[in-house]
Each structure stands twice: as structure tokens, then as C-alpha cells.
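Trainee: Hey, have you got a minute to look at a protein with me? I'd like to learn how to read one.

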Amino acid sequence: MELKTRQTILLMGSDASLGYLLGRFAEQGEYQLTIAPEKVSILDVTVANPAAIIFLSTDVLDKAQALVTELTSLEVPIIVCSSVTDQAKARELGADACLLHPITYEGFQDALALANAPKRV
């Protein structure tokens with residue numbers, strides 16, 4: 001029998017309240033939330049081998065476009081916390097799913113499921 005290991009979700013950006021909330025949601029979903037260093041590299045992401053990467057805002061996602069471009073080779077789902085009005089911008093910046101404000105546990109689970117769904121061609 002194999003022991004189940006908790007998958008990691010990598011968090012990009014700094015907002016203590018939102019980070020705490022997402023950490024609680026991750027624990028409930030049997031994930032481990034890891035806050036990425038400010039200057040994260042593709043090697044850091046590869047070593048972490050995350051189930052998904054959550055960007056705390058479209059601004060954080062926009063500032064990390066060089067990393068996002070490199071992430072396409074790893075096929076790591078990208079989720080961004082955003083408002084309904086920022087969804088289109090988030091998609092243009094490379095998000096696979098949006099975690100919409102107000103953030104709920106159900107929304108968190110839905111965003112993870114959507115981000116990990118097979119891509120349609």
C-alpha cells in the first residue's frame with residue numbers, strides 16, 4: 001500500500017490574509033500550500049513539482065510573464081485570483097482558471113478542477 005503524499009500548490013505574490021485563506025482551503029483539499037520566493041525560477045518550480053500555481057492577482061501574473069512563458073513547457077496549471085471583470089485579462093496573461101472574488105472553498109475547488117481539466121483542441 002502506497003502512502004498518499006500531499007500535492008503542493010505554489011503561491012505567487014504576498015498578501016497575508018489571502019495567503020492564509022488559500023492555505024486553509026489547500027489543507028481542506030489535502031494540498032500543501034507553499035509560498036514562492038519573490039524571485040522564483042523555472043528550476044524552483046520544477047523542484048517543487050506543484051499541482052498548480054496560484055497568482056494572487058492579475059498584476060502579479062502580469063509581472064511574471066517571463067516565468068509564465070517558461071511554465072508552458074511544464075504544463076503546470078496557472079490559476080489567478082481575480083474579479084469577474086479581470087477574467088479576460090487573466091486568460092490573455094496565461095491563466096488556465098480564475099479564482100473569483102469573493103473567494104470560497106467551492107470556488108477554490110472549482111478553479112483547481114478547471115485548471116487540471118484536459119485542454120480542448
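Mentor: Sure, let's go from the overall fold to a few single residues. Keep in mind that this is a predicted model.

Trainee: Okay, how many helices and strands are there in the protein?

Mentor: The protein has 6 helices and 5 strands. Along the sequence they come in the pattern β-α-β-α-β-α-α-β-α-β-α.

Trainee: And what radius of gyration would a compact globule with 121 residues have?

Mentor: It would be near 14 Å, and the protein has 13 Å, so the value agrees with a compact globule. If you'd rather picture a box, the C-alpha atoms fill one of roughly 45 × 35 × 30 Å along the principal axes.

Trainee: What share of the 121 residues is buried?

Mentor: Buried residues make up 38% of them. On the outside, the protein exposes about 7500 Å², and carbon and sulfur atoms supply 54% of that.

Trainee: What about contacts across the sequence?

Mentor: Take the contacts with a separation of 6 or more: 60% of them are between residues 24 or more positions apart.

Trainee: Let's zoom in. Which aromatic pairs should I look at?

Mentor: The count comes to 2 aromatic pairs. In one of them, the ring centres of Phe25 and Tyr105 are 5.7 Å apart with the planes at 65°, and since over 60 counts as edge-to-face, that's what this pair is.

Trainee: Where do Phe25 and Tyr105 lie?

Mentor: Phe25 is in helix α1 (residues 16–28) and Tyr105 is in helix α6 (residues 105–116), so the pair ties together parts that are 80 residues apart in sequence.

Trainee: Buried or exposed, what is Phe25?

Mentor: Phe25 counts as buried because its relative accessibility is 9%, and buried means under 20%. Tyr105 has 24%, so Tyr105 is partly exposed.

Trainee: And the other pair?

Mentor: That's Phe25 with Phe108: the ring centres are 5.8 Å apart and the planes are at 50°, so the pair is tilted. It links helix α1 to helix α6 too, with Phe25 and Phe108 83 residues apart. Phe108 is buried, at 1% relative accessibility. Together, ring pairs link Phe25, Tyr105 and Phe108 into a cluster.

Trainee: New topic: where is Ser82?

Mentor: Ser82 is in strand β4 (residues 78–82). With 3% relative accessibility, Ser82 counts as buried.

Trainee: Which residues does Ser82 touch?

Mentor: Leaving out residues up to four places away in sequence, Ser82 touches Thr58, Gln87, Cys98, Leu99, Leu100 and His101.

Trainee: Last one: how many positive and negative side chains are there?

Mentor: There are 9 positive and 15 negative ones, and the centres of the two sets lie 2 Å apart.

Methods
Residues are numbered from 1 along each chain as its sequence is written. This is a predicted model: local features need pLDDT of at least 70, side-chain atom pairs count only at pLDDT 80 or more; totals for chains, interfaces and linings use all residues. Side-chain values use heavy atoms; hydrogens and water are left out. Helices (H or I, at least four residues) and strands (E, at least two) are DSSP runs, numbered from the N terminus. The radius of gyration is taken over C-alpha atoms; the globule rule is 2.2 Å times the number of residues to the power 0.38. Buried means under 20% relative accessible area, exposed over 50%, partly exposed in between (1.4 Å probe, protein chains only). Contact means heavy atoms within 4.5 Å. Accessible areas come from the Shrake-Rupley method with a 1.4 Å probe; for residues, only the protein chains shown count as cover. Lys and Arg count as positive and Asp and Glu as negative; His and the chain ends are not counted. The place of a charge is taken as NZ of Lys, CZ of Arg, CG of Asp or CD of Glu. Rings of Phe, Tyr and Trp (its six-membered ring) pair if their centres lie within 6.5 Å; planes under 30 degrees apart count as stacked, over 60 as edge-to-face and the rest as tilted.
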